[in-house]
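Dear colleague,

Please find below the structure that I am handing over to you, together with its sequence. My findings follow directly after it.

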Amino acid sequence: HQAVAHHAPILSQLVYDTAVVHFNWLFNGREDALRCLSAWVCRPSSQFTGLHATLALEGDTAVGAFLAMPGEELNARQKADFLALVKATKGRDRADLQARLEQLKRMETLADSGDFYIRTIAVVAHRRGLGLGSRVLQECLEVGSRSGFRRFRLDVRADNLPALRLYASFGFRTILEVPVAYPGRAITIASMVADIK
């Protein structure tokens, strides 16, 4: 748990950077998003728990990471996160949060129990474009394969062309595109799968 706490700030920032618009909407802004994500990284029952993270390190500094788990486990951990968020929210803010969570349920698709779901894959900005993302993704696929998984799934913004190219180079294909309307901004999320032997 000490390693999780030590790397919680960078891990929560990496998670945040993968879905800024989403997290700002869910948590009502950057500051609250990073505060909550930092707590979730340290909570063993969270979908973002650092206990499920594999970090790419340069010395003692995390420069990339992935969080991945069986799809069924992801679904249970998402519920735990949403319950924790509701419990931590008081008064009028709770009704607003519950409305956002209802909208979120309509936007997200559940992961299949047979999928190894890649919740987050990220590289710090100054190390992007140098091949680190490929190495992080390769390690993720190897971890899932060693755990007996053959089907891998992830969700990514459809306008994130570098990520889409990376995933396609590893055999991922888009199976579903979901338009998501956030206040003042609409984006499309691409669900991608790869069958790895």
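In this predicted model, Phe-152 has Ala-194 of strand β6 as its bridge partner. The pairing to which these residues belong joins β4 (residues 151-157) to β6 (residues 185-195) through seven bridges, and the two strands run antiparallel.

Strand β4 is also joined to β3 (residues 115-123), here by four bridges and in a parallel arrangement. Within β4, Arg-151 lies opposite Asp-115. Together with helix α6 (residues 132-146), β3 and β4 form a β-α-β unit that is right-handed.

Phe-172 makes contact with Phe-152 and Ala-194, the bridge partners named above, leaving aside neighbours within four places in sequence. Its other contacts on that basis include Ile-118, Leu-137, Leu-141, Tyr-167, Met-192 and Val-193.

The largest nonpolar core has 60 residues. Those that touch the most other members are Phe-23, Phe-27, Ile-118, Leu-137, Tyr-167 and Phe-172.

Phe-23 and Phe-27 are also among the buried residues of helix α2, alongside Val-21, His-22, Trp-25 and Leu-26. Because six of the eight residues of α2 (residues 20-27) are buried, the rest of the structure largely encloses this helix. Asn-28 follows α2 and has a positive phi, near 65 degrees.

Yours sincerely

Technical notes
Residues numbered from 1 in each chain as written. Predicted model: local features only at pLDDT ≥ 70, side-chain atom pairs only at ≥ 80, totals over all residues. Heavy atoms only, no water. Buried < 20%, exposed > 50% of the residue type's maximum accessible area, 1.4 Å probe, protein only. Core = buried A, V, L, I, M, F, W, Y, C linked by side-chain atoms within 4.5 Å. Contact = heavy atoms within 4.5 Å. Pairing = 2+ DSSP bridges. Right-handed = clockwise from strand over helix to strand, strands pointing away.
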